[in-house]
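The exercises below invite you to read a protein model step by step. Keep the sequence and the picture in view, and try each task before turning to its solution.

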Amino acid sequence: VAKMSAPTMEERKACWGARDEFWQCLDSHGDDASKCEKLRLSFESRCPQQWVKYFDKRRDFLKYKRKLETEGYHPPEAAGKS
């Protein structure tokens, strides 16, 4: 359901709650999305599509940032080195 009006506070809370439940499920299942399908559908149904895209990118960014903080930056090996 595409609505152009801004979500109400209740709708935002429902969206964020669904996102948090979905992310917790992914965290506890090593990012195996197949184990979290129902929560994903709930997340998608409670949030505007643009928000879903944003939160998906945000999660990837946060995981990348956490990896950098724990492991440090390792440039990729140059291809074709012998």
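**Exercise 1. The overall picture**

Among contacts in the protein between residues at least 6 apart in sequence, what percentage join residues at least 24 apart? Describe also the helices and strands, and the share of buried residues.

Solution. Please keep in mind throughout that this is a predicted model.
- Step 1: of the contacts between residues at least 6 apart in sequence, 56% join residues at least 24 apart.
- Step 2: the protein has three helices and zero strands, and, read from the N terminus, the order of its elements is α-α-α.
- Step 3: the protein has 82 residues, and buried residues make up 20% of them.
- Step 4: the accessible surface comes to about 6800 Å², and 55% of this surface belongs to carbon and sulfur atoms.

**Exercise 2. The nonpolar core**

Which residues make up the largest nonpolar core, and which element gives the most to this core?

Solution.
- Step 1: the largest nonpolar core has eleven residues in all, namely Cys-15, Ala-18, Phe-22, Trp-23, Cys-25, Leu-26, Cys-36, Phe-43, Cys-47, Val-52 and Phe-55.
- Step 2: the elements that give two or more residues to this core are helix H1, which spans 9-28, and H3.
- Step 3: H1 gives the most to this core, with six residues.
- Step 4: take Ala-18 as a sample member and set aside residues up to four places away in sequence; Ala-18 then touches Ser-42, Phe-43 and Arg-46.
- Step 5: a related distance can be read from Asp-20, whose place is in helix H1. Although Asp-20 and Phe-43 are 23 residues apart along the chain, their C-alpha atoms are separated by 8.8 Å.

**Exercise 3. Pairs of opposite charge**

How many salt bridges does the structure hold? Work through three of the pairs, and decide for the residues in them whether each is buried, partly exposed or exposed.

Solution.
- Step 1: the structure holds seven salt bridges.
- Step 2: in one of them the side chains of Arg-19 and Asp-20 meet, at 2.9 Å from N to O. Arg-19 is buried because its relative accessible area is 16%, which is under the 20% cut-off, whereas Asp-20, at 33% relative accessibility, counts as partly exposed.
- Step 3: in another, the side chains of Lys-35 and Asp-32 meet, at 3.7 Å from N to O. Lys-35 has a relative accessibility of 55% and therefore counts as exposed, since exposed means over 50%; Asp-32 has 27% and so counts as partly exposed.
- Step 4: Glu-44 forms a salt bridge with Arg-40, and the closest N and O atoms of this pair are 2.7 Å apart. Both residues lie in helix H2, residues 37-46, and they are four residues apart, about one turn of the helix. Glu-44 is partly exposed, because its relative accessible area is 37%.

**Exercise 4. Arg-59 and its surroundings**

Where is Arg-59 found, is Arg-59 buried or exposed, and which residues are linked with Arg-59 in a network of salt bridges?

Solution.
- Step 1: Arg-59 is found in helix H3, which covers residues 49-71.
- Step 2: Arg-59 counts as buried because its relative accessibility is 9%.
- Step 3: leaving aside the neighbours within four places in sequence, Arg-59 is in contact with Trp-23, Leu-26, Asp-27 and Asp-31.
- Step 4: with Asp-31 there is also a polar contact from side chain to side chain, at 2.5 Å.
- Step 5: a network of salt bridges links Arg-59 with Asp-27, Asp-31 and Lys-63.
- Step 6: now turn to Asp-31, whose place is in the loop between H1 and H2. Asp-31 is partly exposed, because its relative accessible area is 33%, and its phi is near 65 degrees, a positive value in a residue other than glycine.

**Exercise 5. A nonpolar patch on the surface**

Which residues form a nonpolar patch on the surface, and where does Tyr-73 lie?

Solution.
- Step 1: the patch is formed by Phe-61, Tyr-64, Leu-68 and Tyr-73, which together have about 440 Å² of accessible area.
- Step 2: Tyr-73 lies in the segment after H3.
- Step 3: Tyr-73 is exposed, because its relative accessible area is 57%.

Notes: Residues numbered from 1 in each chain as written. Predicted model: local features only at pLDDT ≥ 70, side-chain atom pairs only at ≥ 80, totals over all residues. Heavy atoms only, no water. Buried < 20%, exposed > 50% of the residue type's maximum accessible area, 1.4 Å probe, protein only. Polar contact = N/O pair within 3.5 Å; in protein donor to acceptor, adjacent residues only side chain to side chain. Contact = heavy atoms within 4.5 Å. Patch = residues over 30% accessible without salt bridge, like charges linked within 9 Å, V, L, I, M, F, W, Y side chains within 5 Å. Areas by Shrake-Rupley, 256 points an atom, 1.4 Å probe, with all protein chains shown as cover. Salt bridge = Lys/Arg side-chain N within 4 Å of Asp/Glu carboxyl O. Core = buried A, V, L, I, M, F, W, Y, C linked by side-chain atoms within 4.5 Å.
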